[in-house]
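This briefing is meant for a reader meeting the structure for the first time. Please look over the sequence and the model before turning to the points below.

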Amino acid sequence: MSIWDTLFGRAPGYDPTNGPDFSFGRYTDAFKTPENYSAWDKALVAFEKGAYLESIEAFMAYLYDPREDNVQWQPEEGKLYFEFYQGSKRVTGFADVEQLRATARIARLDANNADLLHRLTTMNYEMKYSRFAIDEDDCLTIVFDSPINDASPHKLYHALKEMALRADKQDDLLLDEFADFLSPVEITHLREISPAEKDMKLAFLRGHIQHVIDYLATGTLNPEEQPGAVAYLLLDLVYRLDYLLIPEGYTMEALERMHRMYFAREDDQPVTYKNVRLLSELQHLLRRASESFAEELYAGKSTFGITLPANHDRLATLIGSELPNMDWYQDNGFPEVARAVPGYIAGYALFNYAVPPPDKDLLELYYRVSEDAYFRELGYKQQFLDRDGRPARRAIRAAINDIAERHRNGFPRMRPAVSQLNFDNLIDFGRSFLEMVRELDLSKP
């Protein structure tokens, strides 16, 4: 049993979570509690006074998210031990009167490989605060250390975020690419998803990709003349898979790569070419072995987010610029594309931004409605589509009112105009729903 197990009372193999975890989308640390912000102020004041261990302890309280139970710290004989989680990885560290040191084990090195070591050396040059190393147990590890008098809260935040996000991403990617030379390490904190849930998510991924492929194969759309329509279909699918399945490893990187490729500013390739590449990537996901995808589905805790904070005006601008584009597709006999436009807007916002909590809840509600069957399979009881496939007026209005009430204290001016919603079909509902979201007043008094 390691010192970490002794300090934090963890028995080998102990799983601290219980019950299913149905969180969706990417974790964000952009909206913290008043207690978190108070801890941040305390960390700054303590650091300025030279009370460095007190500053670091307050900084750990700033990182702590009670919903995730993601951070632990413990003073012990003149040192401060700490650990926190980021997805599949556990970062451990200590601070004393001289230094702070944090490490995150990536994988166990079973055999040397020149390509792997070259890859790690190259990545070292890309990192500003931390570095890859091999520890005494032959584990690939990301390390950050600093003199204690230079470990300010600002530096700690950026340094620990860098190493945590890199560790969480690289373990799956390196294990997939260098499977003959690496083996997993320190994964006992992860909660395994049930085989039934994995099967549902695999069916969702394959079914939705195949549906878009089949639609494009009908010839209803001319990809040369209507590349924008094809892009709406493909990007809506990419963001939908990312938010609702929460895959790790190869699938997550593939979805992120598709997004980067399509929106690369230095790339002068036409939209038609980008659509072909998107479709090729999605077809590859469709052909991957079910076992490979299943290994990328697990539940972990997170401390740092990767999405950029954005205010409501950013979302309102996105809706205002993109939503009118669905009118032409609906009026000219392309209902599939018309439905994809609201999905693209919701997905793009959730993929790229940490929007205010009411916006996030409402955009997720849009997914709850448009993917009602999937959520019901996952065990959600509330039905948001009637038997004829129309949005369920009473259930949706109740859900919107519940969201507004839940956020009343933080956003007292929020008054969703539920009376403007159109429940005739999913297309008209999507348009009216996002218009309602755009018009929300999330300003503070």
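The points that follow concern two residues and two helix pairs. The model is predicted. Asp-65 and Tyr-232 are taken up individually, the former in a loop and the latter in a helix. The helix pairs are H6 with H9 and H7 with H8.

**Asp-65 and its surroundings**

- Asp-65 belongs to the loop that runs between helix H3 (52-63) and strand S1 (71-76).
- Asp-65 is classed as buried because its relative accessibility is 6%, below the 20% cut-off.
- A polar contact of 2.9 Å links the side chain of Asp-65 to the backbone nitrogen of Arg-67.
- When neighbours within four places in sequence are set aside, Asp-65 is in contact with Tyr-27 and Asn-70.

**Tyr-232 in helix H7**

- Helix H7, which covers residues 227-245, contains Tyr-232.
- Tyr-232 has a relative accessible area of 9% and is therefore buried, since the limit for that class is under 20%.
- Tyr-232 and Arg-339 are 107 residues apart along the chain, and their C-alpha atoms are separated by 9.4 Å.
- Beyond its neighbours within four places in sequence, Tyr-232 is in contact with Glu-322, Asn-325, Tyr-329, Val-337, Ala-340, Val-341 and Tyr-344.

**Packing of helices H7 and H8**

- The helix that holds Tyr-232 also packs with helix H8 (residues 249-263), at an angle of about 145° and with the axes 10 Å apart.
- The crossing of H7 and H8 is left-handed.
- On the H7 side, the residues that meet H8 are Ala-231, Leu-235, Val-238, Tyr-239, Leu-241 and Asp-242. Their counterparts in H8 are Leu-255, Met-258, His-259, Tyr-262 and Phe-263.
- By class, this contact of H7 with H8 comprises nine nonpolar residues, one polar residue and one charged residue.

**Packing of helices H6 and H9**

- Helix H6 (residues 195-217) and helix H9 (residues 271-287) have axes that come within 10 Å and cross at roughly 135°.
- H6 is therefore oblique to H9, as the angle falls neither in the range of 65 to 115 degrees nor over 145.
- H6 and H9 cross in a left-handed sense.
- H6 contributes Leu-205, Arg-206, Ile-209, Gln-210, Ile-213 and Leu-216 to the contact, and these meet Leu-279, Leu-282, Gln-283, Leu-285 and Leu-286 in H9.
- The contact of H6 with H9 is made up of eight nonpolar, two polar and one charged residues.

Notes. Residues numbered from 1 in each chain as written. Predicted model: local features only at pLDDT ≥ 70, side-chain atom pairs only at ≥ 80, totals over all residues. Heavy atoms only, no water. Helix = DSSP H or I, 4+ residues; strand = E, 2+ residues; numbered from the N terminus. Buried < 20%, exposed > 50% of the residue type's maximum accessible area, 1.4 Å probe, protein only. Polar contact = N/O pair within 3.5 Å; in protein donor to acceptor, adjacent residues only side chain to side chain. Contact = heavy atoms within 4.5 Å. Axes fitted to C-alpha atoms, helices over the stretch in contact; angles between N-to-C directions. Parallel < 35°, antiparallel > 145°, perpendicular 65-115°, else oblique. Left-handed = near helix turned anticlockwise from the far one by under 90°. Nonpolar A, V, L, I, M, F, W, Y, C, P; charged D, E, K, R; others polar.
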